[in-house]
Structures are given as C-alpha cells and as structure tokens.
Amino acid sequence: MGKIFDKILVFLFWMGGGLLMFSTVGTCIDVILRYCFNHPIHWMLEITEYIMLYIPFLGAALVLKEEGHIRVDILINHLSERTRGRLNVITSFLGGIVMLTYTWYGGQVTWDFFKRGVPALESLRTPMFLILMIIPIGGFFFTTQFFRQMVDYYQKLKN
Amino acid sequence: MGENIPMEWWMALLLLIGGTVLLMFMGLPVGVSFLFANLIGTLVFMGGLSGFKLLILNLEESLTSFGLLTVPMFILMGEVMFHSKMALRAIDALDYWIGRVPGRLGLLAVASGTIFGATSGSTIATTSMLGSLLIPEMERRGYQKTMCIGPILGSGALAMLIPPSILAVILATLVEVSVGGMLIAGILPGLLLASFYAIYILIRCWIQPEIAPPYDISPIPLIKKLKEMTIYVLPLGLIIFLVVGIIFLGMATPSEAAAMGAIGSIILSVFYGEMNWEIFRKCIFGTIKMTTFMFIIIMASMIFSQILAFSGASSGLIQAVVKLELPSLLVLISMQVTLLFLGCFMDNLSIAVIVVPIFMPVIKALGFDPLWVAAMTLINMDLGNLTPPFGLQLFVMKGIQPMTPMAVIIRSALPFVLCEVLALIAIMIFPDIALYLPSLMRKG
C-alpha cells in the first residue's frame, strides 16, 4: 500500500514537471507566433495561470517526503534528539490537521462549483471545479504524507 | 462561530505574527506555518468557519497569476546552467582575459559571479559552482583561505541582485510593484556591488600580496581568446538579452522573457553537447521541487497579508508609526536594521514573506518609492545569506569546503558583508542607483 502511495506521489510530481514544460514551450511559441505572425495562442496565458496553481499541489507531498520544504531549524537543531523527535511528531500532526482542513473545505468548494456549473471569469470559460479540484486532490496526498511522516517519527521515537 | 472577535491591532499583530513565528521555530514547514496562521486568522477575523470557503478561493486567486511563471522559469535556467556545466566553459574563456593583476582569481570569481548571476537566478547554484571550480585553483596558487572563500561568497550573492533573480520576482509580487521594474532595478546595484568587491580585492591583494601571490600566465594568442569568447561567452550574452533586454525594451512580459531564457539555455546546452536525458530530468526535478515549496509559501503568505490587513493590524501599525512622528528616514533605517537582524536567524524567503506585509503598508504611507525600498531589501536579503548563524551561503560553502572551520568561512565573508552594507548605504543616499533604469523602461 505504502509503495503504491509513493508511486502516486512520484507520478503527481512528474505530472507537475510535464505541465511546467508545457507552459514553458507554449509561452515561447505564443511569443514567436505573436511577433512573427501576429497570431497569438489566446488560451495559453489562461492555461498557464491554472498550471501555476496545479504545480505546487501536485508536488507538495513528494517534496515533503524528500524533506524539501523550507524549515527554520535553528532552534530544533539545538534540542536533544528525543525532544526533537517529539516536536517532529507534533509538527507532523499539526501539518496533517492544517492540510486536512484545506482538503475538506477545498473539496466542499469544488463540489459546490461542480454542482452549480460555474465557469471561470476568463475567455475560455473553464469550469471552476476543474481549476479548484487540484486543491482537495493535492491536499489529500499532502495530508496523508504528513500523517505517514508522523507515524514514522513516532516509531523512531519509540525505538 | 460566525462573529469576528474584536481585538486591539497589536494583539492581532502578536497573534498572527507571533503564532506563525512560533510554528516556524517549532520546525513546521514555513508555508504550512502560514497556512495554519491563515486558518486561525480566518476563524478570528473573517467570520469563523464560513470564512474557510473564501480562504480556498483566495488560495486559487493568489496563484493563478501569469506573473508567477517567471519564478519556475528562472529556477529552470539556473538548474540548466548548473547541471549542464555551461558556465564552467564561460569561466575558462573569461580567465584568458584577466592579466597579471593582484588577486587575479578573486577578480575572476567576481566577473564570473556577475555573468553567471545574469544567467541564473540561484545564489546556491552560483556559490557552489564557483566554489567547487575556483577554490581548488586558488589553493594551488597559494591563496590564503579567506581570499579563496570570500570572493566566492560575495560573488554568489550577486545572483540575487542581477536579473534574473528569483527573490526579486517574489518580492515584486509581495510588494505589488512591476516584476519587470523590480528585475531591472537590480542591475545597477548589482554592478555597483561587483565593483566594490573588485576594488576591495585589488586593494587588499596589492597591500598584502602574500594572501594572493601573483603568478605568471602563459601568453594566449588573441585569436584564441576571441574564439573562446565567441563560442562560450557570447551565447550566454544572448540568453541575458533574451531575459533582461526583452523586459527592458518592453517587448514581452517578464514571464514570457523568462520562458524564452529557459528554453534558450536548454537549446544552448544541447548545442554544447552538455544536455542528455539524465541532466534534463535533474533540471526538471530541481525546478519542480523548488517551485513547489516556494509557491506554497507565496500563496499562503499573500493570504496572510490580506488577513493582516483585514484584522486591522496593518492599519494600526501604520497609525502607531505615524503617531510617533519619527523622521521617515529613521523609520526606513530601522526597518533595514530589523531585516539585517532577522537575516542572521532566518532564510530570505521566510523573512520576505513575514516582514514585507508588515513593512510595505508603512513604506507606502510614508511616501517612499516601493521599488527603491524593495531594491534595498534585496541587498539586505543578500546580506542575510552571508551572516551567521543562518547564512545560507555559509552552509553551502561549508558543504564545498567541509574541512574549513565555520569561523574561517564567516571571517572570509566579513569584508564582503561590509561591501554590501556600503552598497546599501549608497542606494539609500542615491535612490537613482536603483530607480534610474526602471524609469527608462518602455511600458510593455
């Protein structure tokens, strides 16, 4: 189960990579078409904006697993290993609860927009739920990773 | 839970800022600490649980901005320059042009830092690349440890000032000034700082030649110098133009220029035969990793500033500062000193996101140009990278030079820290150093 979860995290992360390359190449093509042929890709800018929201939510859980999120460790580095371990359990739990709240309310808002069929106020009229749904989806994996991390820290503390 | 809880502005400030800082120091990731504070802030000041749905919509709004594409693009450029080792060849080509001058390799570090800083938005990439390349050569030539390490640390910091600079984009987003203007505003301060470094190295090595013994250089034919320059330095110049020139001339938005620069650097690395699937994978991995944590911090801190304003903490602070009737310049200097102090304990991004929402409303109320203050803040962030105990670059250097005691690394950084303080004072006295180029920019 854990291995499948890890594979999903990697998949989501690389999906973010794919989206990033799509917006990079797409933006360049857009600039060239606009300058050379006076024919820009009208939807590129809007899609790129949505991708900017997708990337962090797709990558957050794997970055947490790789301990890549910035932490101010100046204080905790001076604590004893046991106290640091306890603090890690507490902060992982807090992180899990915070992200669970965002996931829950993110899910509610997305569901609400889906039911009402609200489009974004941009030219493509993209359904809002398609834009917002990455918050509960990415949030779910981020939450779960926090709780997995908490269990890991707790087991290390016990041993 | 639908009611707001009435609170004095300073209590609101203490709750929001104090709570966030406490969570950060407990070791919760910086972005998640802000997300936590946003939940508390929403509960207390924005209508309780019903405000959470608004919070989700604010999350979406804060990141769906085309301007933010600049951040991953600059990171990608830095990753490509770093992993493909393109900059190494450019440094070799530059090396041919510096004659038998005091502190030659120190000057080479400054020149390389300026050029590499202009092609990479990453201070870490610049420091680690210059450090691993030039320090062994400096040691072989008998340079004293402080003269090996100092110039590299100083030059690494240039990447944060000279565009493309990731922090400049983030700062511009937080301060709500033009991203293009902010990037261009870093050029002259960056060049000024590079000149200060060069003058210091020249004078110090001229007075004390034993710390950087001069050595003879085998003569290199002019034709070879020109050839190497054309092959390895000029194309980097093209990348610099793609990013800086396009923004300056108003031909495209900073995000579009950054995307062109990123693709340009990938194409260039392919031409040099320095790109393969493995390197490309590393570049994308590094880019997404950094973008993820940065975007979470930016997203959460932008909402944090809104809550801070909504709670009355920002306006209360402005009124309190105005009531003190202190000279405006003194307020500005106190802010810069506070940033300098915080730089000793926290990383740049955390400082920027926690302090900017508090300082900027005051700055605007006092009538200062936000671009000018943001440029000074950038130098201050640079300083934070070089000051113990939390100077990021000091740790990067320790990673490159594990056998060198931290005390020596810190001592090496000191003269360069002083150069940065001088540059900061110069910009404070002559705001045009930062504001002249943005004033010439064509509106895109």
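1. A word on terms to start: helices here are DSSP runs of H or I with at least four residues, numbered from the N terminus. With that in hand, please keep in mind that this is a predicted model. Helix α1 of chain B, residues 9-26, is a good place to begin. Its 18 residues should span 26 Å at 1.5 Å a residue, and the C-alpha atoms at its two ends lie 25 Å apart, so expectation and model agree. Just past the end of α1(B), Gly27(B) adopts a positive phi of about 105°.

2. Which residues of α1(B) are buried? They are Ala12(B), Leu13(B), Leu16(B), Ile17(B), Thr20(B), Leu23(B), Met24(B), Phe25(B) and Met26(B). The cover over these residues comes from both chains: it includes α3 (81-116) of chain A, and from chain B α2 (30-45), α14 (277-311), α15 (313-324) and α17 (348-365).

3. On to the interface between the two chains. Chain B and chain A each bring 58 residues to the contact. About 5200 Å² is buried between them, and carbon and sulfur atoms account for 83% of that area. On the chain B side, the residues that lose the most area to chain A are Met26(B), Ile56(B) and Ile288(B), which together make up 12% of what that side buries. Met26(B) is also one of the buried residues of α1(B) listed above.

4. The polar side of this interface can be described briefly. Four residue pairs are in polar contact between chain B and chain A, counting pairs with both residues at pLDDT 80 or more. The salt bridge count between the two chains is one, and in it the side chains of Glu256(B) and Arg34(A) come together at 2.8 Å, N to O. As for the helices involved, α1, α2, α3 (51-63), α4 (70-84), α13 (254-271), α14 and α17 of chain B each contribute at least two residues to the side that touches chain A. Helix α14(B) gives the largest share, 14 residues. By class, that side of chain B holds 44 nonpolar, eight polar and six charged residues.

5. Some backbone geometry deserves your eye. Most residues other than glycine have a negative phi, and most peptide bonds are trans. Against that background, Glu67(A) has a positive phi of about 55° without being a glycine. Glu67(A) sits in the loop between α2 (44-65) and α3 of chain A, and with a relative accessible area of 58% it is exposed. Arg125(A), likewise not a glycine, has a positive phi near 55°. Arg125(A) belongs to the loop between α3 and α4 (128-132) of chain A and is partly exposed at 48% relative accessible area. In chain B, the peptide bond joining Pro163(B) and Pro164(B) is cis, with omega about 5°. Pro164(B) lies in the loop between α8 (145-161) and α9 (166-175) of chain B.

6. Helix α9 of chain B also holds Thr173(B). What does Thr173(B) contact beyond its neighbours within four places in sequence? Its partners are Leu68(B) and Met302(B). Leu68(B) is 105 residues away along the chain, with 8.0 Å between the two C-alpha atoms. A polar atom of the Thr173(B) side chain also lies 2.7 Å from the backbone oxygen of Val169(B).

7. Finally, the salt bridges. Over all chains the structure has eight of them. Asp6(A) pairs with Lys65(A), with 4.0 Å between the closest N and O atoms. This pair ties together distant parts of the chain, since Asp6(A) is in helix α1 (residues 2-37) and Lys65(A) in helix α2 of chain A, 59 residues apart. Lys65(A) is partly exposed at 37% relative accessibility. Asp6(A) and Lys65(A) also join Arg148(A) in a network of salt bridges.

8. Two more salt bridges lie in chain B. Arg140(B) and Glu137(B) meet at 3.2 Å, N to O; they are three residues apart in helix α7 (residues 123-140), so about one helical turn separates them. Arg140(B) is exposed at 58% relative accessible area, whereas Glu137(B) is partly exposed at 24%. Glu139(B) and Lys145(B) meet at 2.3 Å, N to O. Both ends of this bridge are partly exposed, Glu139(B) at 36% and Lys145(B) at 29%.

Notes
Residues numbered from 1 in each chain as written. Chains lettered and ligands numbered in written order. Predicted model: local features only at pLDDT ≥ 70, side-chain atom pairs only at ≥ 80, totals over all residues. Heavy atoms only, no water. Expected span 1.5 Å × (residues − 1). Buried < 20%, exposed > 50% of the residue type's maximum accessible area, 1.4 Å probe, protein only. Contact = heavy atoms within 4.5 Å. Buried area = accessible area lost by both parts, 1.4 Å probe. Polar contact = N/O pair within 3.5 Å; in protein donor to acceptor, adjacent residues only side chain to side chain. Nonpolar A, V, L, I, M, F, W, Y, C, P; charged D, E, K, R; others polar.
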